[in-house]
Amino acid sequence: MAKLKVQEVIDALSTLGGAPVGVADRLLTGNPSSLVRGIVVAFTATLGVIEATADSGADLLIVHEGAFYSHDNDPDARLAGCAVYEEKQRRIAGSGLAVYRCHDAVHRSRPDIVAEGLIRELGWQRCMTKHLPAASIVDLPEAMTGKDVVRHVKERLALDQVRVGGQLPENCKRIGVLVGYRGGAKLAVPLLERYGADIVLYGEGPEWETPEYARDAAELGERVAVVALGHLESEQPGMKLLAERLRACFPGVPVCFCPVEPALRIM
């Protein structure tokens with residue numbers, strides 16, 4: 001194929017959501033006119049990912065989250081003089097990589113590519129029955145106990161632990177899925193109340209919202225539960241799926257997915 005430029009990849013990513021991308025989606029570093037010999041896709045631009053991408057010979061790193069510890073791409077005064085921030089900037093510049101953040105486009109696609117990736121990783125793609133703007137509904141072909149659902153999720157995502165609130169049901173048929181920072185009560189509670197979910201899986205959210213609702217529901221005798229996977233843990237499968245889509249879109253260019261370990265560990 002003809003020589004591929006960074007801007008051509010950005011243009012392809014920008015069409016995923018069928019609408020103009022938000023301010024989160026932008027080229028963080030690099031030149032849009034640069035040629036692309038290889039692409040690496042990752043959840044976020046850790047120092048390890050930056051080094052691995054440069055070592056692979058790739059020119060373009062596509063990430064879901066920002067590189068500098070904030071949802072906003074522009075560092076503010078709080079990072080002025082920060083040694084870690086400045087060293088990371090230096091290493092990114094020294095790598096010669098173009099780094100593009102693809103956040104809103106994948107979430108605005110229908111279905112949401114990030115949610116689709118998580119559901120596929122869980123082996124439930126054929127059970128997906130409804131996509132809402134910020135959530136998905138999975139109807140299992142056969143009921144499972146809540147404990148078996150949790151066990152299944154941990155095994156499929158290779159997680160040592162998840163956080164559970166409420167009362168795990170004995171018979172679970174419907175599961176609500178929320179990825180990333182969508183675990184607040186505004187999104188999670190309607191899945192239980194209005195859509196009849198037995199369990200809601202989510203990435204993360206304010207602990208004083210959805211978990212407290214689940215606690216009160218349990219004390220009132222309702223057997224519903226919420227399961228917090230972690231932000232990265234819920235969204236990384238979606239970036240793996242994005243890498244596959246890019247591989248099909250640009251068959252002449254190597255596209256690799258680089259998994260990232262969670263930033264928080266259990267002690």
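Angles between a helix and a strand run from 0 to 180 degrees and compare N-to-C directions, with axes fitted as lines to C-alpha atoms. With that in hand, here are the close-ups; the model shown is predicted.

**View 1. A five-stranded open sheet with mixed pairing.** Follow the strands across in the order β1-β4-β3-β2-β11. The edges are held by β1 (26–29) and β11 (255–257), each of which pairs on one side only. From one strand to the next, the twist averages 25°. Zoom in on β2 (residues 39–42) and β3 (residues 60–63): these two run parallel and are joined by four bridges. Within this pair, look for Val40, which stands opposite Leu61 of β3.

**View 2. Helices α2 and α9 against the five-stranded sheet.** Helix α2 (residues 47–56) lies across β2 and β3, and its direction makes an angle of about 145° with β3. Helix α9 also packs on the sheet, where it touches β2, β3 and β11. Relative to β11, the direction of α9 is at about 170°.

**View 3. The nonpolar cores, with Ile62 at the centre of the picture.** Which residues have the most contacts inside the largest nonpolar core? They are Ile62 and Trp124, in a core of 49 residues. Setting aside neighbours within four places in sequence, Ile62 is in contact with a list of residues that includes Val9, Leu13, Ile39, Val40, Val41 and Ala42. Also among the contacts of Ile62 are Tyr100, Cys102, Met239, Leu242 and Leu246. Another core, of 19 residues, lies apart from this one and has Ile50, Ala58, Leu61 and Cys258 among its members. As background, nonpolar side chains in soluble globular proteins tend to be buried together.

**View 4. A six-stranded open sheet, again with mixed pairing.** Here the strand order reads β5-β6-β8-β9-β10-β7. Strands β5 (128–131) and β7 (163–166) stand at the edges with a single partner strand each, so one side of each has no neighbour in the sheet. The average twist between one strand and the next is 20°. Strands β5 and β6 run antiparallel and are joined by three bridges. One place to rest your eye is His131, whose bridge partner in β6 is Ser136.

**View 5. Helices α5 and α7 across the six-stranded sheet.** Helix α5 lies across β5, β6 and β8, at about 15° to β6. Helix α7 (residues 185–193) lies across β6, β8, β9 (199–202) and β10 (225–228). Compared with β8, helix α7 runs at about 160°.

**View 6. Three of the salt bridges, from a total of 14 in the whole structure.** Start with Arg90 and Glu87, whose side chains meet at 2.5 Å, N to O. Both lie in helix α3 (residues 83–95), three residues apart, which is about one turn of the helix. Is Arg90 buried or exposed? Arg90 counts as exposed because its relative accessibility is 51%, and the cut-off is over 50%. Glu87, at 27%, counts as partly exposed.

Next comes the salt bridge between Lys240 and Glu121, with 3.5 Å between the closest N and O atoms. Lys240 lies in helix α9 (residues 231–249) and Glu121 in helix α5 (residues 113–121), so this pair ties together parts that are 119 residues apart in sequence. Lys240 is partly exposed, at 30% relative accessibility.

Finally, the side chains of Arg174 and Asp139 meet at 2.7 Å, N to O. Arg174 belongs to strand β8 (residues 172–178) and Asp139 to strand β6 (residues 136–144), so the pair ties together parts 35 residues apart in sequence. Salt bridges with shared partners also join Glu87, Arg90 and Arg91 into one network.

**View 7. Backbone details at Pro111, Tyr69 and Ala158.** The peptide bond from Arg110 to Pro111 is cis, with omega near 0°. Pro111 sits in the loop between α4 (104–108) and α5. Tyr69 is not a glycine, yet its phi is positive, at about 65°. You will find Tyr69 in the loop between β3 and α3, and its relative accessibility of 43% makes it partly exposed. Ala158 likewise has a positive phi, near 55°. The loop between α6 (146–157) and β7 holds Ala158, which is exposed at 67% relative accessible area.

Key
Residues numbered from 1 in each chain as written. Predicted model: local features only at pLDDT ≥ 70, side-chain atom pairs only at ≥ 80, totals over all residues. Heavy atoms only, no water. Salt bridge = Lys/Arg side-chain N within 4 Å of Asp/Glu carboxyl O. Buried < 20%, exposed > 50% of the residue type's maximum accessible area, 1.4 Å probe, protein only. Core = buried A, V, L, I, M, F, W, Y, C linked by side-chain atoms within 4.5 Å. Contact = heavy atoms within 4.5 Å. Pairing = 2+ DSSP bridges.
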